[in-house]
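Here is a friendly walk through one model, with the strand pairings taken up before a single residue. Please keep the viewer open as you read.

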Amino acid sequence: MKKGPGLFSDFGKKAKDLLNKDYTSDQKFTISSSSYTGLALVSNIVNKGGLSSGDVAAQYKHQNAVVDFKLDTESNILTTLTITDLHPSAKTVASFKLPDYNSGKLEVQYFHEHATVATAVGLKKSPAVDFSATIGTPGIAFGAEASYVTSSGEFTKYNAGVNMTKPDSNASVVLADKGDSLKVSYLHHLNQLNGGAVVGEIARKFSTNENTLTVGCSYLVDPHTLVKAKLNNHGNLGALVQHELRPKSFLTISGAFDTKALEKTPKFGLALSLKP
């Protein structure tokens, strides 16, 4: 179904994931299981700043429908229904969170060979409307997104960008925050890193004249061990090691350091994900 330019929210996602995914300063334990009937269960326990929280999630797949249910320790219930192939090129997502009855949202995504459109509408009296569109090909795409609040008649967000993808690289330029920020990223896979990659990202905030340059890389030590590192021009250094203990079960250890203030205590995180 997704043979066109993709969603605007995916612009620069590969670079963002390499720089941010799996980095944590918390302690997290996850255990998951699945069955041949299409039911999957996931339990999470997180210790953050001495405070513990958790959630239990269930997912059920049947034909072209997926139902997700999540209950957390604050008694919030999130339910999401996703239906694909309702139309050969469309995907529909409905979600709501209890006890916030005004949190309901309906989203429709349409994928075409040379265009992708996504619209999300809040299910309340004066909803917010999110809209995004991209045109192009899987190799190069131009896109924009906006959020409109019907109660105030104002646009709270409008962004635009371009994304270029090749088999071994990805580049994107996104103008965001109503034109106040610009983010440029480039990711390249290298055989010298055993299938790993290098990434660079430049973010500029025009209103404060602030620039942030971040570089990072990933390296596959062996088929079961991944090492990642990142550093920005403000001296923030991050690193992690992720090891696959058994198929689909991972242990991740990460750390964050301020190289310009070594007297500060480094932050460390630990995540254990088990799938029996």
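The report below covers two strand pairings and then one alanine.

This is a predicted model, in which local features need pLDDT of at least 70 and side-chain atom pairs count only at pLDDT 80 or more, while totals for chains, interfaces and linings use all residues. Residues are numbered from 1 along each chain as its sequence is written, and side-chain values use heavy atoms, with hydrogens and water left out.

**Strand pairings**

Strands here are DSSP runs (E, at least two residues), numbered from the N terminus. Two of them pair if DSSP finds at least two bridges between them.

| Pair | Sense | Bridges |
|---|---|---|
| S5 (residues 77–84) and S6 (residues 90–98) | antiparallel | eight bridges |
| S6 and S7 (residues 105–111) | antiparallel | six bridges |

Within the S5 and S6 pairing, Thr79 sits opposite Phe96 of S6. Five residues separate the strands of this hairpin, and Asp85 there adopts a positive phi near 60°. S6 also forms a hairpin with S7, this one with six residues between the strands. Ser95 has Lys105 in S7 as its bridge partner.

**Ala256**

Turn now to strand S18 (residues 249–258), where Ala256 is found. Is Ala256 buried or exposed? Ala256 counts as partly exposed because its relative accessibility is 35%; buried means under 20% relative accessible area, exposed over 50%, and partly exposed in between (1.4 Å probe, protein chains only).

Leaving aside residues up to four places away in sequence, Ala256 touches Leu237, Gly238, Pro266 and Lys267, where contact means heavy atoms within 4.5 Å. From Tyr101, Ala256 is 155 residues away in sequence and 39 Å away in space, C-alpha to C-alpha.

How values were computed:
Helix = DSSP H or I, 4+ residues; strand = E, 2+ residues; numbered from the N terminus.
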